[in-house]
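Colleague: Thanks for sitting down with me. Could we go through how the helices and strands are arranged here?

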Amino acid sequence: AALDMGLPAERTRVLEDVPPLVAVPAALPAVPASFAGRPRPWVLFPGSFSADEPVQELLAAARLLGTGVVVMTGRLTNAAKHGHDLSQVPANVVTPGFLSLADFEALLMHCDVVLALTKFDGIQLSVCNEALGFGKPMVVSDTPLLRELFSAAAVMADSGDPSALAQAVLDADGRKDELSALADHLSASRRRAWVANQFLPAQDVLNQAERR
């Protein structure tokens, strides 16, 4: 896309998000209030209520699930701004708003499944790498880019289809151990590839420019 806009190839590099190195504590933090006392699966959708997010489809999927809990993070003031109707949120959906890092990471540590959803191709969702860093099973929107990057460790789903989303959550929850192991493997391989194929070449270009 950048090249199509006219950026020169010799001066253009792509640096993707990289999975974080996470040291999960031996004693996990307390179960967040959004999950506490609720039936599983505990599902986390780290969002921002942006225009690209399939919010209505996810609410419909939560209704189809009928159990468990779906936590949708993000500033609620963004919802109306981007046309998301939160007036009829199902009973198994929690919207805690924007969270501190500690509260957000507690949700990541305790959740069963992470949702990484967008309506548009060409968007590399940062939550995919966050989930990989925490070794979490994922349900990811089945766009060409996200399939290329993350399908090795995720259940891919049509995020415009609530029934497909609901089934994908159940599938991911049923494959938790397998998907967690795949997430750990993909996290390590993505970090290695990022250093070798993205960071070091970009650093080399910058060093050459500095020398000139």
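Colleague: In which sense, left-handed or right-handed, does α4 pass α7?

Modeller: Happy to help; please keep in mind that this is a predicted model. The axes of α4 (residues 126-133) and α7 (residues 176-211) come within 8 Å of each other and cross at roughly 115°. That makes α4 roughly perpendicular to α7, because angles of 65 to 115 degrees count that way. The crossing of α4 past α7 is left-handed.

Colleague: Which residues in α7 does α4 meet?

Modeller: The residues of this contact divide into three nonpolar, three polar and two charged. From α4 come Asn129, Leu132 and Gly133. In α7 they meet Ala183, Asp184, Leu186, Ser187 and Arg190.

Colleague: Nice. Now the sheet: which strands stand at the edges?

Modeller: Six strands form an open sheet with parallel pairing, in the order β3-β2-β1-β4-β5-β6. A strand with a single partner has one side left without a neighbour in the sheet, so it stands at an edge. Those strands are β3 (93-97) and β6 (155-157).

Colleague: Which residue in β3 stands opposite Thr73?

Modeller: Strand β2 (residues 69-73) pairs with β3 in the parallel sense, over three bridges. Opposite Thr73, in β3, stands Gly97.

Colleague: And what angle does the direction of α4 make with that of β4?

Modeller: Helix α3 (residues 101-110) packs on the sheet, touching β1 (42-45), β2 and β4 (113-116), and its direction makes about 135° with that of β1. α4 packs on the sheet too, touching β4 and β5 (138-141). The angle between the directions of α4 and β4 is about 160°.

Conventions: Residues are numbered from 1 along each chain as its sequence is written. This is a predicted model: local features need pLDDT of at least 70, side-chain atom pairs count only at pLDDT 80 or more; totals for chains, interfaces and linings use all residues. Side-chain values use heavy atoms; hydrogens and water are left out. Axes are lines fitted to C-alpha atoms, for helices over the stretch in contact, and angles run from 0 to 180 degrees between N-to-C directions. Helices (H or I, at least four residues) and strands (E, at least two) are DSSP runs, numbered from the N terminus. Angles under 35 degrees count as roughly parallel, over 145 as roughly antiparallel, 65 to 115 as roughly perpendicular and the rest as oblique. A crossing is left-handed if the near helix is turned anticlockwise from the far one by less than a right angle, and right-handed if clockwise. Contact means heavy atoms within 4.5 Å. Ala, Val, Leu, Ile, Met, Phe, Trp, Tyr, Cys and Pro count as nonpolar, Asp, Glu, Lys and Arg as charged, and the others, Gly among them, as polar. Two strands pair if DSSP finds at least two bridges between them.
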